[in-house]
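Reader: I'd love to talk through this model with you. Could you take me through the cysteines, the helices and the charged side chains, showing your reasoning as you go?

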Amino acid sequence: MWPPKFSDCIEACNVARRRCERLVTAGLAQPDVNTVTQVIVVARDVARIATLTSQLLERGSKYAYPICDVCARACEELAKAAAKHLKIEAFSRCADACLKCAEECAKLAKLK
């Protein structure tokens with residue numbers, strides 16, 4: 001079982017991943033998808049990074065800490081990009097989830 005400190009980060013990564021997937025779906029449904037294309041691209045990457053991060057944390061991998069740093073930075077980037085489109089609910093929710101994930105991942109990244 002992973003240390004309790006991992007639980008919050010794993011949950012934050014899982015929520016961020018789900019919200020990233022919803023952002024992609026909502027973004028592709030926009031009338032002018034070209035205005036959100038770059039955000040969609042980043043969201044797809046963040047979804048994969050968050051998935052990997054939670055998996056490594058769940059199994060207590062020694063690589064979890066450096067991946068947490070990558071995840072934190074990627075989530076911060078996506079939160080800033082999504083914040084430019086807050087009228088789209090999925091973007092707003094994703095930005096919030098990414099900020100939480102970035103916060104939790106940054107805590108763990110600093111431990112190693």
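Reader: Is C105 buried or exposed, and what is its relative accessible area?

Author: Happy to start there, with the note that this is a predicted model. Buried means under 20% relative accessible area. C105 falls under that cut-off and so counts as buried, with a relative accessible area of 0%.

Reader: How many disulfides does a search of the whole structure find?

Author: A disulfide is a covalent bond between the sulfur atoms of two cysteines. Here the two sulfur atoms must lie within 2.5 Å. A search of the whole structure finds zero disulfides.

Reader: Which cysteine sulfur is nearest to that of C105, and how far away is it?

Author: C105 is in no disulfide. The nearest cysteine sulfur belongs to C9, at 3.5 Å.

Reader: And C68: which cysteine has the closest sulfur, and why is there no bond?

Author: C68 is also a buried residue, with a relative accessible area of 0%. A disulfide needs sulfur atoms within 2.5 Å. The closest cysteine sulfur to that of C68 is too far for a bond, because it lies 4.2 Å away, in C9.

Reader: C105 made me curious about α4. How far does helix α4 reach from its first C-alpha to its last?

Author: Helix α4 covers residues 89-109, which is 21 residues. At 1.5 Å a residue, a span of 30 Å is expected. The model comes close to that, with a reach of 30 Å.

Reader: Does α3 agree with its expected span or depart from it, and what is the distance between its end C-alpha atoms?

Author: Helix α3 has 19 residues, so at 1.5 Å a residue it should span 27 Å. The value in the model agrees with this: the end C-alpha atoms are 26 Å apart. Buried residues of α3 include Y65, C68 and L78.

Reader: Which residues form the aromatic pair, and what is its geometry?

Author: A search of the whole structure finds one aromatic pair. Its rings are 6.0 Å apart, centre to centre, with 70 degrees between the planes. Planes over 60 degrees apart count as edge-to-face, and that is the geometry of this pair, formed by F6 and Y65.

Reader: How many residues apart are F6 and Y65?

Author: Both F6 and Y65 are buried. F6 sits in helix α1 (residues 4-28) and Y65 in helix α3 (residues 64-82). The pair thus links distant parts of the chain, 59 residues apart.

Reader: How far apart in space are F91 and R19, C-alpha to C-alpha?

Author: F91 lies in helix α4, and R19 has its place in helix α1. F91 is buried, with a relative accessible area of 0%, and among the residues it touches are L23, V36 and H85. In sequence F91 and R19 are 72 residues apart, while in space the distance is 8.2 Å.

Reader: Which side chain of opposite charge is nearest to R19, and how far away is it?

Author: R19 is buried yet has no salt bridge. Leaving out residues up to four places away in sequence, R19 touches R93, C94 and A97. A salt bridge needs nitrogen and oxygen within 4 Å, whereas the nearest side chain of opposite charge is 6.2 Å away and belongs to D96.

Reader: Which residue does D69 form a salt bridge with?

Author: D69 is partly exposed, with a relative accessible area of 34%. Its partner is four residues along in helix α3, so about one helical turn separates them. With the closest N and O atoms 3.2 Å apart, the partner of D69 is R73.

Reader: Which residues are linked in a network of salt bridges?

Author: In helix α4, E104 pairs with K100, the closest N and O atoms being 3.0 Å apart, and also with K107 at 3.3 Å, N to O. K100 is four residues from E104, and K107 is three residues from E104. An α-helix has 3.6 residues a turn, so residues three or four places apart point the same way. The network links K100, E104 and K107.

Reader: Within that network, is E104 buried or exposed, and at what relative accessibility?

Author: K100 counts as partly exposed at 41% relative accessibility, and K107 is likewise partly exposed, at 44%. E104 counts as buried, because its relative accessibility is 5%.

Terms used: Residues are numbered from 1 along each chain as its sequence is written. This is a predicted model: local features need pLDDT of at least 70, side-chain atom pairs count only at pLDDT 80 or more; totals for chains, interfaces and linings use all residues. Side-chain values use heavy atoms; hydrogens and water are left out. Helices (H or I, at least four residues) and strands (E, at least two) are DSSP runs, numbered from the N terminus. The expected span of a helix is 1.5 Å times one less than its number of residues. Rings of Phe, Tyr and Trp (its six-membered ring) pair if their centres lie within 6.5 Å; planes under 30 degrees apart count as stacked, over 60 as edge-to-face and the rest as tilted. Buried means under 20% relative accessible area, exposed over 50%, partly exposed in between (1.4 Å probe, protein chains only). Lys and Arg count as positive and Asp and Glu as negative; His and the chain ends are not counted. Contact means heavy atoms within 4.5 Å.
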